[in-house]
Structure formats: structure tokens, C-alpha cells
Amino acid sequence: MSRAAVVCGLGGALPATAVTNEELAAQLDTSDQWIRTRTGIGLRYVVAPGESTSDLAVAAGERALESARRKGGAEAADVDLVVLATSTPDRPCPGTAPGVAHRLGLGTVPAFDVAAVCTGFVYALATAASMITAGVAERALVIGADTFSTILDPVDRTTRAIFGDGAGAVVLRAGESGEPGALLGFDLGSDGGGADLITVRAGGSRQRSTGEPPAPGDEFFAMEGRPVFTQAVINMSESSQRLLDRVGWTPGDLDKVVAHQANVRILHAVGEQLGLEDKQLVVNLDRVGNTVAASIPLALSDAAAGGDLVPGHRVVLTGFGGGLTWGSAALVWPDVEPVTQS
Ligand code: UT7
């Protein structure tokens, strides 16, 4: 057995305002039927005016720390590292994580952001886990939080149908590789050749150094749906399979695959590529939409709270997003009680 990072707390948070497909159809040229059949999504949540990514990150972080305390006592919430995955920071500068750590009362712990869009949570998990196994940290709070409603084009029916706001978080502690909850391995990758497929064109140094105002619409999020769909299926399937080979599991050994919740047709296509049965796939996008970096921890919270994910289950997490980026992680599910309400 060797030193490993072990999952010991889980929390999630959604903003108060739900938006139904019918409400979107009243504003845009779309319908409940199109959104449900093409994406599987029925509902998403959006932040209120003035509410930001850090507000959701703090709520999810507090709940994950409470979840860790319930099984491990007060000491379990004594984290010495915060890693926040987000592509919708409160401000371009500084990072959002230090403010989140401050509001959580965590003192002067190291805190930084990871920007890998929908793969952000897996990248953040791998970063924090590596810092724990290297002995740089003992306990880490890893948060995925995004508020894509703040960067969507109000008239883009495709992106508005898919994306929702939210945050999810886990607590990691130093432990042994043989324990339930130990992160057993990661597979991470990127392909910057696809950077234009998922992007916000304006607002960064490329546009700002021109001294010109952004071209109309360039401040909004833009996505080329079809090629992104294809790449999501290929990269999540291949990344999961590479990781399974490394860990020594087969797809049939898995109890649950918790894939990034972008589109139910993508989840089924990944399942088909890996030869999985539907019952092995965790699906919660019907209730929250695509919450970007929050997607995987929110799906974990929902599945664990609903009894779909139970201690001892063999689990693979897999994500895909802008960059392009992808990443997967494997673990045996531990005895954690998710906290999703204050
Ligand atoms: O989270 C990061 C990764 N993101 C993803 O993985 C998203 C991947 N992409 C997708 O999930 C799908 O490509 C979308 C849901 C974005 C789009 O679904 P699609 O089946 O690929 O549709 P499409 O883009 O090929 O468009 C088909 C038609 C088009 O109309 P025409 O040109 O055939 O007349 C679109 O304009 O559907 C139209 N359309 C809509 N119609 C009604 C696109 N969005 C909507 C809408 N309501 N909301």
C-alpha cells in the first residue's frame, strides 16, 4: 500500500432560480420536445443578479466540509489546500479560490483556480490528489463551480438550452491506496488544435491588446455543437478505457460511470463505445443541465444521495470540455454522506 488521496466529503449547491424548457421556449425559437429529445435536459438553474461563481463555490465547499465532518469529526474539515475549477471566475484577476478559502474561514491555506472548462473538476482533482501524495498537502477541498448563464448569448437557443449554473465539491484526505475512496489513477489529455470549438473570443489578452472593443457577440460563449459532440464521445470513451487498462479493471467490472453531463445522447454513445449497460451510467442532466466544472461532483452527489452509488462501487469519472481537454479518474466509492442542503 502507498500514500493516496482519499475522498471523504461531498457537497453540492444550485442557485435558487430554476428555468424550465417551457420558459426558454417562451423566449426563444425552441421547444420542450426539441430540448428533451436532442439533449435529455428538462431543467437548469441560474444565478440571480449580483450572484457569482464564488457564492456557489462557498455553498458547495461548506457542505462538502460538513459531509467530511459527519464521518470524520471536526479534524476532517481542517483542509490545508483549496483547488477551484472554474471557467467563469468572479473577475479575470485575481483567482477566485483565495476569496472562497477566506470566506470559508480556512485561514492562509494555498488556494488557486484551474481552468479546464468541463474537464476542470477532474483536472483539479488530479492536481489536489498529486499534492497530497507528494506530501505537499494533507487535506484538500476540491470545488467545481461555474455560472455559464453569465456568459451565454441571450439569443443563442442552443447554448441556453444546455447550460446551467451550479457547484459541487469533494474533500480529499491523505490515506492509503487500499482504502475505499482512494483515487487509484488518472488519465488526462488535451488538444489545443480544437481550441476554437468551445470559446469566448473576447475579454482576454488577444483581443484586449488590439485596443479595439470586442466584435459584436464575441464576449459571449460560443460552441460548435456537432464536432464537440463527436470529440466528447471519442475522448471520454478512450480516456476511460486507457484508465481502466492502467487500473486493471474491465468496463464490466464498473458499477458506475459518472461522465460529464453534457447531453444524454453523448452519455449513451460513451456507454456503447465501452460496452456498458444503461444501469452503469449516472444521469442527472435532466434536472440540472450541463453545469460545466460542477457537473461531475453534482452527479456524484445526486447518485450518492439517491442510493444509486453505494460504498464499494467501482467508479470511473470522465470529463470532456473546452481546450479541448479530457480526463478520467478511478476509485472505489467510500462511505460518505453527501450534503446538498444547508
Ligand atoms: O460541455 C462541454 C461539451 N459540450 C458538449 O458536449 C455539447 C455537445 N453538443 C451537443 O450536445 C449537441 O450538438 C447540441 C445539443 C449542442 C445540438 O444538438 P444537435 O443534434 O447536434 O443539433 P445541430 O447543432 O446539428 O442542429 C440541428 C438543428 C439545427 O437546425 P437546422 O439547421 O437543421 O434547421 C439547429 O439550428 O437543430 C437546431 N437547433 C435547435 N432547434 C430548436 C439547435 N438548437 C436548437 C434548440 N431548439 N434549442
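These exercises work through a predicted model, from its ligand site to its backbone oddities.

Residue numbers start from 1 along each chain as its sequence is written, and side-chain values use heavy atoms, with hydrogens and water left out. Local features need pLDDT of at least 70, side-chain atom pairs count only at pLDDT 80 or more, and totals for chains, interfaces and linings use all residues.

**Exercise 1. State how many residues surround the ligand, and break them down by class and by helix.**

Step 1. Count the shell. A residue is near a molecule if one of its heavy atoms lies within 4 Å of it. The shell holds 21 residues. T30, R38, R157, R226 and N290 are the closest.

Step 2. Sort by class. Nonpolar means Ala, Val, Leu, Ile, Met, Phe, Trp, Tyr, Cys and Pro; charged means Asp, Glu, Lys and Arg; the others, Gly among them, are polar. The shell has 9 nonpolar, 7 polar and 5 charged residues.

Step 3. Assign helices. Helices (H or I, at least four residues) and strands (E, at least two) are DSSP runs, numbered from the N terminus. At least two shell residues come from each of α2 (32-39), α6 (157-162), α8 (225-247) and α9 (264-274).

**Exercise 2. Find which side chains make polar contacts with the ligand, then state how much of its area is buried.**

Step 1. Apply the cut-off: a polar contact is a pair of N or O atoms within 3.5 Å.

Step 2. List the pairs. A polar side-chain atom of R226 is 2.3 Å from a ligand oxygen. The side chain of T158 has an N or O atom 2.9 Å from a ligand nitrogen. For W34, a ligand nitrogen lies 3.4 Å from a side-chain N or O atom.

Step 3. Turn to area (Shrake-Rupley method, 1.4 Å probe). The ligand alone exposes 940 Å², and the protein buries 75% of that.

**Exercise 3. Locate the annotated active site and relate it to a pocket.**

Step 1. Read the record. The unreviewed UniProt entry places "active site" at C118, H260 and N290. Such annotations may be inferred rather than shown by experiment.

Step 2. Check the spacing. These residues span 173 residues in sequence, yet no two of their C-alpha atoms are more than 8.7 Å apart, so they gather at one spot.

Step 3. Check the lining. C118, H260 and N290 are among the residues lining the second largest pocket. On a 1 Å grid over the protein atoms alone, a pocket is an open set of points where a 1.4 Å probe fits, with protein on both sides within 12 Å along at least five of seven lines; lining residues have an atom within 4 Å of a point.

Step 4. Place the ligand. The ligand sits in the second largest pocket, meaning that more than half of its atoms lie within 2 Å of the pocket's grid points.

**Exercise 4. Identify the cis peptide bonds and the non-glycine residue with positive phi, and place each in a loop.**

Step 1. C93 and P94 are joined by a cis bond, omega about 5°. P94 is in the loop between β4 (82-85) and α4 (97-103).

Step 2. G323 to L324 is also cis, with omega near -15°. L324 lies between β12 (314-321) and β13 (325-332), in the loop.

Step 3. V117 is not a glycine, yet its phi is about 50°. V117 falls in the loop between β5 (111-114) and α5 (120-133). C118 also has its place in the loop between β5 and α5.

Terms used: A polar contact is a pair of N or O atoms within 3.5 Å; within protein, one must be able to donate a hydrogen and the other to accept it, and residues adjacent in sequence count only if both atoms are side-chain atoms.
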